[in-house]
Amino acid sequence: MAAPPPPATISSLPMPPVQFINLYTEENMAKGLAPPPPRPIQDSYTMFGNQFHADDVIIRPLELQGIRRLYPQNYDHKKELKKLNHSILVNYLDMLDILIRCPDTTKREEKKEDLNLLYIHIHHLINEFRPHQARETLRVMMEIQKRQKVETRERFQKHLEKVLELIQNAQNSLLPDTIDLNCGTGPAEKQGLENAVDSSASKVSDCHSLDKLMCDIVDSL
């Protein structure tokens, strides 16, 4: 018996990785035609032209990326971001001055590298806020869910109280179980009501006797 084929990976698919998700349609999922997800990467991978390892930290230090650090190890993100923003503005003005006065000199490439380094630093500082942003996003989502559940519970409680009130009003408006035959009736009317009640009782007893007779006949079959 031949061995089953290995699970499909993104690299083994005959389509670009961007279109891999198009295979997971509702129809393919219902028929079991959707391929299994690609295997997790164990060693290293390339993304946006850079080499990454699976065991790397989420935000790698600048030294591990081979980039010279422009700010100290202990720093305030807000202050450093402002300083980097001012440095980028100043270097951009210097670049404009170089392009106007001497565009063919090596200073243009040097200023370009300076701007590139500043942008890398400011991008790195912004990325260091991503875990905090993720936690805050999760906290806001949980608060929204909590508020929605509380509002739903309050609306349900209001509807429950309204239903209980309607039931209580309906119970209070029901007629009493017993009727006083002496209330508002004369001798003739009273006698007629008593005869009607006796007639109804006799009919009910006749029905019960007939039902019993029918049950006896069925049991004897």
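Begin by selecting Glu143 and Arg139: the two residues are four positions apart in helix H4, about one turn of the helix. Please keep in mind throughout this tour that the model is predicted.

**First stop: the pair in helix H4**

With both residues displayed as sticks, turn to their side chains. Glu143 and Arg139 form a salt bridge, in which the closest N and O atoms are 2.7 Å apart. Glu143 counts as partly exposed, at 41% relative accessibility. Arg139, at 39% relative accessibility, is likewise partly exposed.

**Second stop: Glu136**

Keep Arg139 selected and add Glu136. Both of these residues belong to helix H4, which covers residues 130-172. Glu136 and Arg139 are three residues apart, again about one turn of the helix. Which kind of interaction do the side chains of Glu136 and Arg139 make? They meet in a salt bridge, with a distance of 2.7 Å from N to O. Is Glu136 buried or exposed? Glu136 falls in between and is partly exposed, because its relative accessible area of 30% lies between the limits of 20% for buried and 50% for exposed.

Now display Glu136, Arg139 and Glu143 together. Salt bridges with shared partners join these three residues into one network. Arg139 takes part in the bridge with Glu136 and also in the bridge with Glu143.

**Third stop: Arg108 and Glu109**

Next, select Arg108 and Glu109. The side chains of this pair also meet in a salt bridge, at 3.9 Å from N to O. This distance qualifies because the cut-off for a salt bridge is within 4 Å. Arg108 has a relative accessible area of 34% and is partly exposed. Glu109 is partly exposed as well, with a relative accessibility of 39%.

How many salt bridges does the structure hold? There are seven, including the ones visited on this tour.

**Final stop: the whole chain**

Clear the selection and switch to a cartoon view of the protein chain. Its secondary structure consists of five helices and two strands. Following the chain along the sequence, one meets the pattern α-β-β-α-α-α-α.

Colour the residues by accessibility, if the viewer permits. Of the 221 residues in the protein chain, 11% are buried. A surface view shows the area that the chain exposes, about 18,900 Å². Carbon and sulfur atoms supply 60% of that exposed area.

Lastly, consider the contacts within the protein chain. Among contacts with a separation of 6 or more, 51% are between residues 24 or more positions apart.

Methods: Residues numbered from 1 in each chain as written. Predicted model: local features only at pLDDT ≥ 70, side-chain atom pairs only at ≥ 80, totals over all residues. Heavy atoms only, no water. Buried < 20%, exposed > 50% of the residue type's maximum accessible area, 1.4 Å probe, protein only. Contact = heavy atoms within 4.5 Å. Areas by Shrake-Rupley, 256 points an atom, 1.4 Å probe, with all protein chains shown as cover.
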